[in-house]
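Colleague: I would like to learn how to read the features of a model one at a time. Please give the general idea before each case.

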Amino acid sequence: MEPAPHRAISLAMIGIGSALIYIAAAMEFPLFRYYAIPLANLDRITRSDPRAGVTISVCILLLFGGYALGAITLGCWRPEGRAALLVLLPPAIFAITLIFVYPTTSLDIYDYLFRGRMAVRYGANTFIQPPAEFAADPLLRARPFRFIPWNHAVTAYGPLWELLSQMAAMVAGERPGPIPRHIDPWLQHLMLSYKLLGLGGYAACGALIWGALGRLAPERRWQGLYLWLWNPLVLWESVAAAHNDAWMAATLVAAVWAIGYARERDPEQIILAATGAFLALTMGGLIKYIALIFGLVVLASALKRLENRGAQLALLLFGGAACAALVFCAYLPFWQGMETLRNFSDRGSLFNSSWLTALALLLGQLGVPQGTAQQIASALGAGLLAEGVAWAAWRAWRQPARMAAHFLWLTIWFLCVASAWFQPWYLVWAMALVSIQPQRLRALVAVVLFCLTAMLSYVAVSFLMPALGWRADSVAWNLLLPTLVFGPPLLALGLRRAAPAGTRPPQPGPAREAQA
């Protein structure tokens, strides 16, 4: 049906207001003014001026306020024909604008593009060779490692991402050849190419959300698509900062979509659907390894649905063989023995903005050697993650149809409890998962609030921390920041609406339970 005039006008006005804020960001932080300045980030560009911090905070609050109002305005409306432009056109304008915004909050795009350049121009293997081995490159030589923050580290990602990265480098014009003399035009072309790659992940995940909701909750299709496409954090992290998390999030959505095709009591359908979900998660793990933690959840759900040992064994053999073949093919161009897996062990010493970071720092203050303190915190985080995976798998065994809900629970557990290294762009995963279950209002409110506090953490780091005179490696700061970021969404997630005395909450039907 067509929207009421006031609903259409409201959605259009929210889109215009949001577009103006994104255009203001492009004018204040233009990509082509700052892209060739070494290690330029938000606090260096603004010099941590409190007025800039207040302005940015107000803009973030306005964006999320408009986003929430738009979700309420849209409701369960199903636009048709030209009316669909009210949902699709504004985020297209937002994304195109953000291509030309400098990524003030993260320098990861420089790591992406330089590793892509290493592989294409110099024939390097990014799994065993760090950027520091190519110090003669103009992106590094003017001042030691001036553009690349992680210059002594091999890639943190999987081979599928490295292949996508190589494609982006080739699109930017990189070809095998000698060391170039100048930064430009290579850097400019690479920046644009990797931003387009981030835009591709954002669009691909949106398409998968649309497809998955057609199976899981067709009446909520437009609402779920809106939640993804208009989300300020998703737009910023995927397009402005060009992070690769939207690509990984797309595989999580694909896994939920695939398992949704399993028919009850049809072993062949269950095996095929579960194998499709395993392959999707394997592709996610070949982008960012963390996607692999969801595999056991899918396995528990599938085994519960299969009633005989023969079908369960067939799933293990068929699904395992398909995933092993995919991993083999992905790693084959890079394989140099076990050294190729070095990036797994390198991640154990990373700590940032988490209670585990505060624990490691506190142990150091108590006299525990730094390496030992980090090992204790990392081991505790790994144990908590294993516990979360086991609990999510048990939930999937008990309620095998609620795959999206189990995925979302495990994601929140990892981000808030088990991860020693938290970054705001990880919320892209949670936002994709909650977008395919928009009927879960409490979870939706909590995740959107989490996105808001995560974006405000950039303001906290660049403006609040200098104002307080605290250090980033202090125990106090690493307790305060997670409290500010995790506290409000966890509180919202824990709140339950009390039922009136003498009444029982409505019980969901089978179709609704499958969608939850």
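Modeller: The turns below go through surface, helices, salt bridges, backbone and distances. Keep in mind that this is a predicted model.

Colleague: Let us begin with the surface. Which residues make the nonpolar surface patch?

Modeller: The general idea is that an α-helix has 3.6 residues a turn, so residues three or four places apart point the same way. In this structure, Ile9, Met13, Ile16, Leu20, Ile23 and Met27 make a nonpolar surface patch of about 630 Å². One of these, Ile23, lies in helix α1, which spans residues 5-28.

Colleague: Is Ile23 buried, partly exposed or exposed?

Modeller: Ile23 has a relative accessibility of 37%, so it counts as partly exposed. The class runs between the cut-offs of 20% for buried and 50% for exposed.

Colleague: Now the opposite situation. How many residues of helix α10 are buried?

Modeller: Eight of the nine residues in helix α10, residues 221-229, are buried, and the helix is mostly covered. The buried residues include Trp222, Tyr226 and Trp228, and also Gln223 and Gly224. For Gly224 the relative accessible area is 0%, which is why it is classed as buried.

Colleague: How do I describe a pair of helices? At what angle do α8 and α9 pack?

Modeller: Two packed helices are described by the angle between their axes and the distance between the axes. Here the pair is helix α8 (residues 159-171) and helix α9 (residues 186-216), which pack at an angle of about 135° with axes 8 Å apart.

Colleague: Which word describes the orientation of α8 and α9 to each other, and why?

Modeller: Angles over 145 degrees count as roughly antiparallel and 65 to 115 as roughly perpendicular, with the rest above 35 degrees counted as oblique. The angle of about 135° therefore makes α8 and α9 oblique to each other. The handedness is stated separately: the crossing of α8 and α9 is right-handed.

Colleague: Next, charges. How many salt bridges does the structure hold?

Modeller: Side chains of opposite charge can pair when their charged atoms come close. The structure holds eight salt bridges. Among them is the one between Asp49 and Arg51, where the closest N and O atoms are 3.0 Å apart.

Colleague: Where do Asp49 and Arg51 stand on the scale from buried to exposed?

Modeller: Asp49 is partly exposed because its relative accessible area is 24%. Arg51 has 64% relative accessibility and so counts as exposed.

Colleague: What is the N to O distance between Glu339 and Arg342?

Modeller: The salt bridge between the side chains of Glu339 and Arg342 has an N to O distance of 3.6 Å. Glu339 is partly exposed at 40% relative accessibility, and Arg342 is partly exposed with a relative accessible area of 25%.

Colleague: What is the N to O distance for Asp473 and Arg471, and which residues are joined into one network?

Modeller: The side chains of Asp473 and Arg471 meet in a salt bridge at 2.8 Å, N to O. Asp473 is partly exposed, with 41% relative accessible area, while Arg471 counts as exposed at 56%. As for the network, salt bridges with shared partners join Arg117, Arg121, Asp137 and Glu174.

Colleague: Let us turn to the backbone. Which value of phi does Leu39 have?

Modeller: Leu39 is not a glycine, yet its phi is positive, about 50°. The residue sits in the loop between α2 (31-34) and α3 (42-46). Leu39 counts as partly exposed, because its relative accessibility is 24%.

Colleague: Where is Arg47, and what is its phi?

Modeller: Arg47, also not a glycine, has a positive phi of about 55°. Its place is the loop between α3 and α4 (50-74). At 76% relative accessibility, Arg47 counts as exposed.

Colleague: Last, separations. How far apart are Ala212 and Gln437 in sequence and in space?

Modeller: Two separations can be read for a pair: along the chain and through space. Ala212 and Gln437 are 225 residues apart in sequence, and their C-alpha atoms are 9.9 Å apart in space. Ala212 belongs to helix α9 and is buried, with a relative accessible area of 0%.

Colleague: What separates the C-alpha atoms of Leu493 and Gly66?

Modeller: Leu493 and Gly66 are 427 residues apart along the chain, and 22 Å separates their C-alpha atoms. Leu493 is in helix α22, residues 475-494, and is partly exposed at 29% relative accessible area.

Conventions:
Residues are numbered from 1 along each chain as its sequence is written. This is a predicted model: local features need pLDDT of at least 70, side-chain atom pairs count only at pLDDT 80 or more; totals for chains, interfaces and linings use all residues. Side-chain values use heavy atoms; hydrogens and water are left out. Patches are made of residues with over 30% relative accessible area and no salt bridge: like charges are joined within 9 Å, nonpolar side chains (Val, Leu, Ile, Met, Phe, Trp, Tyr) within 5 Å. Accessible areas come from the Shrake-Rupley method with a 1.4 Å probe; for residues, only the protein chains shown count as cover. A salt bridge is a side-chain nitrogen of Lys or Arg within 4 Å of a carboxyl oxygen of Asp or Glu. Helices (H or I, at least four residues) and strands (E, at least two) are DSSP runs, numbered from the N terminus. Buried means under 20% relative accessible area, exposed over 50%, partly exposed in between (1.4 Å probe, protein chains only). Axes are lines fitted to C-alpha atoms, for helices over the stretch in contact, and angles run from 0 to 180 degrees between N-to-C directions. A crossing is left-handed if the near helix is turned anticlockwise from the far one by less than a right angle, and right-handed if clockwise.
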